[in-house]
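Student: Please take one part of this model and look at it closely with me, beginning with its enclosed space and then following the helices outward from there. I would like one connected account rather than a list.

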Amino acid sequence: MNKLNKKIQLLIKQIIIFLCFTTLVNPQLKASINKENQIYEIIEKFTKKSSKNWSEDKLLKTIRIPQTIILDADSRIYFSGCFRRGEKLKTIEGSSYCSSSHTIYLTKEDVEDFYKLSKSYGLIYLLGHEWSHALQHAFLSQLDYPARELQADCMAGKQVSLFHSDLNKSSIFSLAKLILHIGGPNHGEGSQRAFAFLTGAGIIDGNCEDESMKKLARNKKIAEKKIKKLIKDFDEKNKSL
């Protein structure tokens with residue numbers, strides 16, 4: 001038994017030495033590991049802070065804190081009831097909140113893409129959006145689409161501003177430009193989503209309340225006009241600096 005234990009310990013040491021050596025001589029691998037560590041640190045920090053706020057709320061503390069699961073690219077996890085009536089069970093294709101299991105699913109692709117494009121700002125937006133759906137479910141929100149999704153964008157903007165003590169406007173507007181390209185029938189046009197996000201982040205005057213989001217959902221053209229002007233003015237101001 002002792003000989004077997006020694007062999008196992010020796011094997012473990014050899015694996016550790018191999019991994020350390022591989023990381024040292026392969027800068028790309030080292031950079032990849034560092035990036036993953038940074039991503040998981042941000043997710044852990046956000047989740048701990050949000051869970052603490054959840055547990056301290058008078059109503060929310062009576063409800064289980066949502067769990068967050070990160071899915072690998074090849075993961076095929078069924079919705080477990082998170083599907084529309086008449087539809088067959090399907091696998092999770094993108095990050096989402098499942099009300100049936102009270103679970104936030106983040107796909108590794110989404111996590112890496114948002115971090116790559118907007119660093120911590122993009123990652124907190126992704127987390128904040130899905131966490132906001134958990135809050136809507138807990139508070140029995142009756143909002144219809146796309147107002148429901150726009151409210152999640154607005155609340156995500158608020159999360160981004162709270163997470164970053166030294167809010168960088170350039171990073172905020174860079175993320176808003178990205179959001180312009182991820183609109184859809186259920187989520188609202190990209191301009192509406194960017195408008196909601198900037199409202200939550202405190203760049204645009206307003207709030208994330210139900211009536212405000214219903215109004216935003218009805219006014220596509222107004223949101224598009226305002227958001228384009230806002231981004232244009234910010235870009236021109238930055239060019240002159």
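**From the cavity to the helix contacts**

Tutor: The largest cavity is lined by Glu36, Ile39, Tyr40, Ile70, Lys108, Val111 and Glu112. Everything described here belongs to a predicted model, and the values should be read with that in mind. The structure holds one cavity of 30 Å³ or more, and the volume of the largest cavity is about 50 Å³. Two helices, α2 (27-56) and α3 (108-138), each contribute at least two residues to this lining. By class, the lining of the largest cavity has four nonpolar and three charged residues, with no polar ones; the charged residues are Glu36, Lys108 and Glu112.

Helix α3 is a good one to follow, since Lys119 lies in it and has a phi near 50°, a positive value in a residue other than glycine. Most residues other than glycine have a negative phi, and most peptide bonds are trans. The second half of that statement matters further along the chain, where the peptide bond from Tyr145 to Pro146 is cis, with omega near 5°. Pro146 sits in the loop between α3 and α4, and that loop leads us to the next helix.

Two packed helices are described by the angle between their axes and the distance between the axes. For α3 and α4 the angle is about 125° and the axes are 7 Å apart, which means that α3 is oblique to α4. Their crossing is right-handed. On the α3 side the contact includes Tyr121, Ile124, Tyr125, Trp131 and Leu135, together with the histidines His129, His133 and His137. On the α4 side the residues they meet include Ala152, Met155, Ala156, Val160 and Phe163, as well as Arg148, Glu149 and Asp153. Taken by class, the contact of α3 with α4 consists of ten nonpolar, eight polar and three charged residues.

Helix α4 (residues 147-163) also packs against helix α6 (residues 190-200), at an angle of about 40° and with the axes 6 Å apart. This angle makes α4 oblique to α6, and the crossing of these two helices is right-handed. From α4 the contact takes Leu150, Asp153, Cys154, Gly157, Lys158, Val160 and Ser161, and from α6 it takes Gln192, Arg193, Ala196, Phe197, Thr199 and Gly200. The residues of this contact divide into five nonpolar, five polar and three charged. Asp153 and Val160 take part both here and in the contact of α4 with α3.

Helix α6 has a further partner in helix α5 (residues 169-179), with an angle of about 155° and axes 8 Å apart. The pair α5 and α6 is therefore roughly antiparallel, because angles over 145 degrees are counted in that way. This crossing, too, is right-handed. Ile172, Phe173, Leu175, Ala176 and Ile179 in α5 meet Gly190, Arg193, Ala194, Phe197 and Leu198 in α6, and by class the contact has eight nonpolar residues, one polar and one charged. Arg193 and Phe197 of α6 appear in the contact with α5 and also in the contact with α4.

Finally, helix α6 brings us to an open space, the second largest pocket, which has a volume of about 330 Å³. Its lining consists of 14 residues, and Phe195, Ser212, Lys215, Leu216 and Lys226 are the ones nearest its centre. Two or more lining residues come from each of α6, α7 (210-218) and α8 (220-240), and the largest share, four residues, is supplied by α7. The lining of this pocket divides into six nonpolar, five polar and three charged residues. The path thus runs from a cavity to which α2 and α3 contribute, through α4 and α6, to a pocket whose lining draws on α6, α7 and α8.

Technical notes: Residues are numbered from 1 along each chain as its sequence is written. This is a predicted model: local features need pLDDT of at least 70, side-chain atom pairs count only at pLDDT 80 or more; totals for chains, interfaces and linings use all residues. Side-chain values use heavy atoms; hydrogens and water are left out. On a 1 Å grid over the protein atoms alone, a cavity is a set of points where a 1.4 Å probe fits but cannot get out, and a pocket is an open set with protein on both sides within 12 Å along at least five of seven lines; lining residues have an atom within 4 Å of a point. Grid points are joined across faces, edges and corners, and a volume is the space filled by probe spheres set on the points. Axes are lines fitted to C-alpha atoms, for helices over the stretch in contact, and angles run from 0 to 180 degrees between N-to-C directions. Angles under 35 degrees count as roughly parallel, over 145 as roughly antiparallel, 65 to 115 as roughly perpendicular and the rest as oblique. A crossing is left-handed if the near helix is turned anticlockwise from the far one by less than a right angle, and right-handed if clockwise. Contact means heavy atoms within 4.5 Å.
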